[in-house]
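Thanks for sharing this one. Here are a few notes to read with the model open beside you.

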Amino acid sequence: MFWAIEAVVIREFVRFFRQHGRLLSTFARPLLWLIVIGSGFERVIPSEGTVSYKQFLLPGIYAMVLLFSTMLCALATVSDREFGPIRMLLIAPLPRSVAVIAKTISSTLLGIFQAALFLPLIWILGLRPSAGAVLELLGALALSALVLSSLGMVLASRLRSIENFAGVMNFLMFPMFFLSSALYPASTLPGFLQPLVRADPLTYTVDLMRHPLLRGLYPANLSSDYTPRFDILVLASLSVLLTGVAILLFGEEDHLGRILLTEAPRPGRGGPAVPPQEASTPGIPPVASEPAATSPSAVEMPRTRTRIPSGAASGQERLPGAPEKAATSARPAEYSADEGGSMIVK
Amino acid sequence: MRAERSCTARRDLWPDDTSASTMTVAPAIAASGLGRDYGSLRAVDAIDLEVRPGEFFGFLGPNGAGKTTTIRMLTTLLQPSRGSAQIAGKDTLADPLGVRRSIGVVFQETTLDVDLTAQENLRYCTRLYGLSRSESARRIDEVLRLFALSDRRHERVRTFSGGMRRALDLARGVLHRPSILFLDEPTLGLDPTQRRRIWAFLRRLCSEDGTTLFLTTHYLEEADPCDRVAIVDRGRIVVVGEPTVLKRALGKESIELSSAEPDALAAQVARLTGITPRLRNGVVSFIVEDAAAVMPLLLPLTEQDVEVRLTRPTLEDVFVSVTSDGERADVLGD
């Protein structure tokens with residue numbers, strides 16, 4: 001089991017470093033937010049006490065790094081499924097739960113790694129936390145990465161294609177980010193939004209990270225809303241819960257198999273729900289009713305196959321002179337059927 | 001360590017070689033009444049099947065016959081709606097891990113990660129199977145050499161041609177030395193040279209290592225070396241047997257005629273011989289017991305520019321005669 005998890009983690013990291021665009025955006029996006037949004041808001045929101053707006057924003061930047069990192073990992077899982085590599089994992093002798101946990105762990109580690117790249121910002125922005133506080137922050141990063149990774153896996157289990165990612169970004173990631181206290185204290189948001197604020201996992205991750213960074217510095221109205229103990233409790237139980245849900249969702253072998261069926265029939269989507277031959281010969285089994293032979297020498301040939309020839313003669317023929325080999329390879333077109341759907345058309 | 005275990009288990013399970021009688025040896029693959037629906041669509045009706053250890057088994061059928069769905073059920077990736085299947089004596093539902101430990105699967109579509117190199121892809125797999133580092137390095141060397149990919153091992157799969165990807169996929173499938181190998185259209189989209197190479201490898205795998213092979217293919221002439229083939233149509237097996245026996249059952253000789261106007265030719269042949277020939281790919285053909293008796297009837301055709309060939313029935317003839325595709329060529333009825 002351990003080797004399998006290690007293999008999944010190594011693969012995710014190798015992929016991360018190979019995808020230069022992803023690498024670049026990892027650095028660019030948070031810095032852009034910090035510099036542009038940070039500087040802009042700093043003019044509007046007066047510094048409170050000894051805390052500058054950028055210092056206030058820093059935990060939010062970490063949350064953003066984690067959010068994007070874990071959601072991109074979830075996206076990678078979806079694309080793994082879409083383009084095939086997930087089959088290597090599915091066909092290996094591993095329980096589905098281990099596969100899900102391996103993916104969650106690799107997403108968590110990748111998130112921690114990316115957030116850790118921004119640790120120097122603490123000192124650049126003039127904060128001077130104690131060593132203990134830095135460790136506390138690392139712990140908070142790890143727990144937050146875990147929560148978001150398991151959330152990502154739940155999403156990945158249900159997303160069919162990477163195209164849906166835009167939806168995730170607009171309807172999940174940005175609301176999560178804006179509802180958390182990343183940019184401004186969420187307590188200042190109107191009352192009808194407060195239930196959403198409290199339902200947002202990012203609220204607790206930002207809160208938990210803000211504690212060690214701004215301890216002793218923050219004035220009352222910028223203070224964290226919850227105690228670290230409460231944040232940890234919420235995040236830990238949420239991780240367990242979401243990982244469990246992801247295992248359940250991914251764990252149905254059937255569901256997974258179904259996702260794999262890229263060319264398989266999807267009832268109700270194009271094509272008749274009932275195969276045409278069943279519709280045309282109700283109640284009659286489509287093939288000769290002899291039991292299938294299993295011993296090697298037994299040969300069974302349905303002697304008579306009374307069938308109404310379908311369609312005009314010329315309708316099924318190929319171009320004259322087509323070479324035999326080309327014809328065999330072109331067979332799919334001849335049957336005019338995708339794996340399932342309608343089997344004999346024309 | 002796990003691999004060693006599976007190897008010994010393989011020996012214990014099947015002490016006799018493939019030549020042993022079917023009765024005494026536990027089947028490598030057994031399915032009874034295996035079926036799968038998608039909603040109201042019946043993809044696989046009921047498959048009954050028994051494949052002996054070390055057998056080279058071809059699973060043929062038109063597109064949509066349920067081949068891929070069957071393979072997915074046999075390899076634990078899809079739950080059957082009804083029936084059951086045992087692979088290497090283990091039930092696909094009760095012990096999916098046991099099944100997955102004994103099998104290798106080469107899917108119709110690629111499984112490779114194109115952002116990783118050939119070697120990284122293979123290493124990922126060996127680690128998933130729990131092979132030790134040294135063992136995994138040894139096997140990776142071995143399969144890369146076998147498929148002539150050694151010099152490309154550090155290149156990303158993205159740069160590989162379709163044939164190389166396919167070969168690498170196959171290498172991945174046999175990396176952990178499965179006792180049963182499932183292949184869904186292993187040679188799809190390959191050029192003839194690549195196809196020959198892969199088939200030579202598969203035959204050797206079967207004859208030398210005693211690996212059970214279960215494969216689907218569209219290239220029917222390739223299924224000739226199979227020990228047995230099953231032809232499926234509409235989710236059921238319509239015929240099972242050795243290719244030679246199946247072909248013999250069909251008739252002794254196949255007469256093929258071709259000309260610039262196949263339609264007219266087919267009509268002429270029907271008029272001259274009384275047999276409705278099959279018209280496929282511009283070739284008019286029919287199968288007879290004794291060609292010598294029929295050939296004289298075709299003499300009038302020699303005045304035209306007609307090419308006549310006398311051949312043995314092929315597996316394709318068998319296929320066409322038993323599947324729904326063969327409705328216009330009822331050679332069996334005659």
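1. Let me begin with chain A and its contacts. Counting pairs with a separation of 6 or more, 81% of the contacts in chain A are between residues 24 or more positions apart. Please keep in mind throughout that this is a predicted model.

2. As for its make-up, chain A has 15 helices and 0 strands. Of its 346 residues, 40% are buried.

3. Chain B has another composition to look at: 11 helices and 14 strands. Here 56% of the 334 residues are buried. For contacts in chain B between residues at least 6 apart in sequence, 71% link residues at least 24 apart.

4. Next, the largest nonpolar core, which holds 167 residues. The members that touch the most others are Tyr62(A), Ile29(B), Leu128(B), Ala171(B) and Leu213(B). Helix H3 of chain A (residues 53-83) provides the largest share of this core, with 19 residues.

5. Tyr62(A) is a good place to zoom in. Beyond its neighbours within four places in sequence, Tyr62(A) contacts Ala115(A), Phe118(A), Leu141(A) and Met209(A). Leu141(A) also appears on the H7(A) side of the contact between H3(A) and H7(A), while Tyr62(A) appears on the H3(A) side.

6. That helix pair deserves a point of its own. The axis of H3(A) comes within 8 Å of the axis of helix H7 (residues 131-158) of chain A, and the two cross at roughly 35°. The crossing is right-handed. On the H3(A) side the residues include Ala63(A), Leu66(A), Leu67(A) and Thr70(A), and they meet H7(A) residues including Ser144(A), Ala145(A), Leu148(A) and Gly152(A). What classes of residue make up the contact of H3(A) with H7(A)? There are 14 nonpolar and 5 polar residues, and no charged ones.

7. Back in chain B, the domain assignment gives domain 1 (2-241) and domain 2 (249-328). Their C-alpha centres lie 37 Å apart. Domain 1 of chain B brings 13 residues to the contact, and domain 2 of chain B brings 8 residues.

8. Finally, which strands should you inspect on the domain 1 side of that contact? Strand E9 (228-233) and strand E10 (236-241) of chain B each supply at least two residues there, and E9(B) gives the most, with 3 residues. By class, this side of domain 1 of chain B has 8 nonpolar, 1 polar and 4 charged residues.

Methods:
Residues are numbered from 1 along each chain as its sequence is written. Chains are lettered from A and ligands numbered from 1 in the order in which they are written. This is a predicted model: local features need pLDDT of at least 70, side-chain atom pairs count only at pLDDT 80 or more; totals for chains, interfaces and linings use all residues. Helices (H or I, at least four residues) and strands (E, at least two) are DSSP runs, numbered from the N terminus. A residue is buried if 20 or more other C-beta atoms lie within 10 Å of its own, exposed if 12 or fewer, and partly exposed in between; C-beta atoms are placed from the backbone. Two residues are in contact if their C-beta atoms, placed from the backbone, lie within 7 Å. A nonpolar core is a set of buried Ala, Val, Leu, Ile, Met, Phe, Trp, Tyr and Cys residues joined through C-beta atoms within 7 Å. Axes are lines fitted to C-alpha atoms, for helices over the stretch in contact, and angles run from 0 to 180 degrees between N-to-C directions. A crossing is left-handed if the near helix is turned anticlockwise from the far one by less than a right angle, and right-handed if clockwise. Ala, Val, Leu, Ile, Met, Phe, Trp, Tyr, Cys and Pro count as nonpolar, Asp, Glu, Lys and Arg as charged, and the others, Gly among them, as polar. Domain bounds come from an automatic or database domain assignment.
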